[in-house]
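Reader: I have a chain in front of me and would like to talk through how its parts fit together. Could you go over it with me, one topic at a time?

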Amino acid sequence: MPVVAAVAAAPLAAASGSGTISFDQPNYSTNAGGTYTTISGKVTLTSGTYPSVVTLLYPDGFTGPPTATVDPVTGAFTVGLVKAPATPVASATLTASATSFTPGSTTLSVTLVAVPLAGSGLVWGYGTMNGTGISQTPYNRPYAAAPQRVIDQGWTRYRDVAQVGDEHTYMISPDGLSYVSFAGSPVTRTNRTIALNPGETMVSLAGGPQVIAILTSQGRVFTEHYVTTSMTASQVRNPPGVTFVQIAHFWNDLAGAVALSSDGRVFILPSRNTGPAPVTVKMQDGTDLRGVVEIAAGTDPQITARKADGTVWSVRATTGTSTRLAGYAEQVWAGSQNSPLLAKSLAVHTSPYTDSGYVTAAVGQDGLVWVWGGRTPTTVAGGSVMDRFARSVDVVRALGLSGVTVKNVSVSAPVFATLSDGRVVSFGNPSDECERGQGPANQFLTTVAPGFVVDVNGAPITGIDRVATTRGGGWAIRP
């Protein structure tokens, strides 16, 4: 491992106060050549006023903005896009500083496959998918709380959570070495095994109507029908010489899992031994879609990809692209033809169930949430069936907030936006049945307007890293 040398990005930010600087997480991970999009922190005052910015000191090989703006009311700051080096780095330190303030630091790691933060869960929505079964009143829980029936069976923290079809919730342990599923109204646990190599761990999950896919730290993808309790090497779907860095939920069991290769191509993999051979996503001229750094998938659009330059491309989208339901990758336009959507991240999770995933979403480089797909009119306020291109939702402005940004988004029947301060906003899906998690008084909403996901007392939930979606609800991960 080469010695990592720190490089200064800018002079120290001047301030007229004192206090401490900290990051929201002790560590952040991404894949080799990837981008960190969710690094954030806070300045805590002991006297005086906040600095206007904190100065960022990057390890050698990492690049990003020289400073981050500090909110003058809350002290919160969000770091912009930080680019990782093209080779793995076990541990490197990012430091934030300001004159007269105690600096803060966090650890950056670069792995072959980015490892998500593990944490406990807060869940809401459809009863059998939120770990509460049917003892719940009402059956669909309209607020976020712990998945008690799952916890009672020994699973309290999760690296990733995914849904298969209507009734099965899968989860990976924090160390990535074991996984289980919970099913139906009794929330019945099934222990499962997988043939990992020495030193290999499970990183993330993706679901189809009846199929589960698992990505490992060595870039292998396993897929099989959900009744399979033991994954073996025969269920590894990698074509020869191809390593994968991300998988996404998929809309059709026969089509297979959607996976991003380390060289920036998008593959559709067999969902089981009898599935079709792997194929790559194509452009209209028949060449491979290339230069991709992130993917998402669902029902409409079926596949979405973000390139390193921020441009976004979708396959079989009802809206967002120039050609309705094109069977090849087309660029997504923001609001009008030839106005490129530039995104910093795509939906981190979508639900594969048939009443979910009919839109997708992205966090734009402009800080807005952009939505497109078949159900845009019932997701975005003012949306119309005449809309042809992606529509924006400014959740920060809609809720009168300041000093926060959208960290990431995920899609179920509603859309969930996790903010940089760890709160979660939901919007879309009018007449929802508790899936937006906005409390008992808002169990059957008729508006698509944004609102906070709340606990049983009506207070917004906090400390959330991301929302892993289930059928018509959410499973929020709290590190």
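Author: What follows is a conversation about a predicted model, taken feature by feature.

Reader: Let's begin with the pockets; what volume does the second largest pocket have?

Author: The volume of the second largest pocket comes to about 280 Å³. Its lining is made up of 20 residues, and those closest to the centre are Asp-24, Ser-40, Ser-420, Asp-421 and Gly-422.

Reader: And which strands supply at least two residues of that lining?

Author: Strand 5, residues 40–47, and strand 8, residues 76–78, each supply at least two, and strand 5 gives the largest share with three residues.

Reader: How many of the residues in the lining are nonpolar, polar or charged?

Author: Sorted by class, the lining of the second largest pocket holds 10 polar residues, together with five nonpolar and five charged ones.

Reader: Moving on to strand 39, are its residues buried or exposed?

Author: Strand 39 covers residues 466–470, and five of its five residues are buried, so the strand is largely enclosed by the rest of the structure.

Reader: Which way do the residues of strand 39 point?

Author: Arg-466, Ala-468 and Thr-470 point one way, while Val-467 and Thr-469 point the other way, and all of them are buried. In a regular strand the side chains alternate between the two faces of the sheet.

Reader: Which strand is joined to strand 39, and by how many bridges?

Author: Strand 39 is joined by five bridges to strand 40, residues 473–478, and the two run antiparallel. Within this pairing, Ala-468 stands opposite Trp-475 of strand 40.

Reader: Now for the rings; how many aromatic pairs are there?

Author: The count comes to six aromatic pairs. One of them is formed by Tyr-36 and Phe-62, a tilted pair at 6.3 Å centre to centre, with 35 degrees between the planes.

Reader: Why would that pair of Tyr-36 and Phe-62 tie parts together?

Author: Tyr-36 lies in strand 4 (residues 35–36), whereas Phe-62 lies in the loop between strand 6 (53–59) and strand 7 (67–69), so the pair ties together parts that are 26 residues apart in sequence. Both Tyr-36 and Phe-62 are buried.

Reader: What about Trp-475, which residue does it form an aromatic pair with?

Author: Trp-475 pairs with Tyr-158 in an edge-to-face arrangement, 5.6 Å centre to centre and with 85 degrees between the planes. This pair links distant parts of the chain, 317 residues apart, with Tyr-158 in the loop between helix 1 (148–151) and strand 15 (160–164) and Trp-475 in strand 40. Tyr-158 is buried, at a relative accessible area of 0%, and Trp-475 also counts as buried, at 1% relative accessibility.

Reader: Does strand 15 belong to a sheet, I mean, in what order do the strands of the open sheet come?

Author: Five strands form that open sheet in the order 15-16-17-18-22, with mixed pairing. Strand 15 and strand 22 (230–231) are the edge strands, each of which pairs on one side only. Strand 15 pairs with strand 16, residues 168–172, in the antiparallel sense over five bridges, and Asp-160 stands opposite Ile-172 of strand 16.

Reader: Where do charged ends sit over a ring?

Author: The charged end of Lys-307 sits over the ring of Trp-313, 4.6 Å from the ring's centre. In addition, Arg-388 lies over the face of Phe-389, at 5.7 Å from the ring centre.

Reader: I'd like to check the backbone too; which peptide bond is cis?

Author: The bond from Asp-300 to Pro-301 is cis, with omega near 0 degrees, and Pro-301 lies in the loop between strand 27 (292–297) and strand 28 (303–307).

Reader: And what is phi of Arg-316?

Author: Arg-316 has a phi near 55 degrees, which is a positive value in a residue other than glycine. Arg-316 is placed in the loop between strand 29 (312–315) and strand 30 (330–331), and with a relative accessible area of 38% it is partly exposed. Leu-325 also has a positive phi near 55 degrees; Leu-325 is found in the loop between strand 29 and strand 30, and is partly exposed at 37%.

Reader: Last one: how far apart are the C-alpha atoms of Thr-37 and Asn-408?

Author: They are separated by 8.4 Å, although Thr-37 and Asn-408 are 371 residues apart along the chain. Thr-37 has its place in the loop between strand 4 and strand 5, and at 15% relative accessibility Thr-37 counts as buried.

Terms used:
Residues are numbered from 1 along each chain as its sequence is written. This is a predicted model: local features need pLDDT of at least 70, side-chain atom pairs count only at pLDDT 80 or more; totals for chains, interfaces and linings use all residues. Side-chain values use heavy atoms; hydrogens and water are left out. On a 1 Å grid over the protein atoms alone, a cavity is a set of points where a 1.4 Å probe fits but cannot get out, and a pocket is an open set with protein on both sides within 12 Å along at least five of seven lines; lining residues have an atom within 4 Å of a point. Grid points are joined across faces, edges and corners, and a volume is the space filled by probe spheres set on the points. Helices (H or I, at least four residues) and strands (E, at least two) are DSSP runs, numbered from the N terminus. Ala, Val, Leu, Ile, Met, Phe, Trp, Tyr, Cys and Pro count as nonpolar, Asp, Glu, Lys and Arg as charged, and the others, Gly among them, as polar. Buried means under 20% relative accessible area, exposed over 50%, partly exposed in between (1.4 Å probe, protein chains only). Two strands pair if DSSP finds at least two bridges between them. Rings of Phe, Tyr and Trp (its six-membered ring) pair if their centres lie within 6.5 Å; planes under 30 degrees apart count as stacked, over 60 as edge-to-face and the rest as tilted. A charge sits over a ring if NZ of Lys or CZ of Arg is within 6 Å of the ring centre and within 35 degrees of the ring normal.
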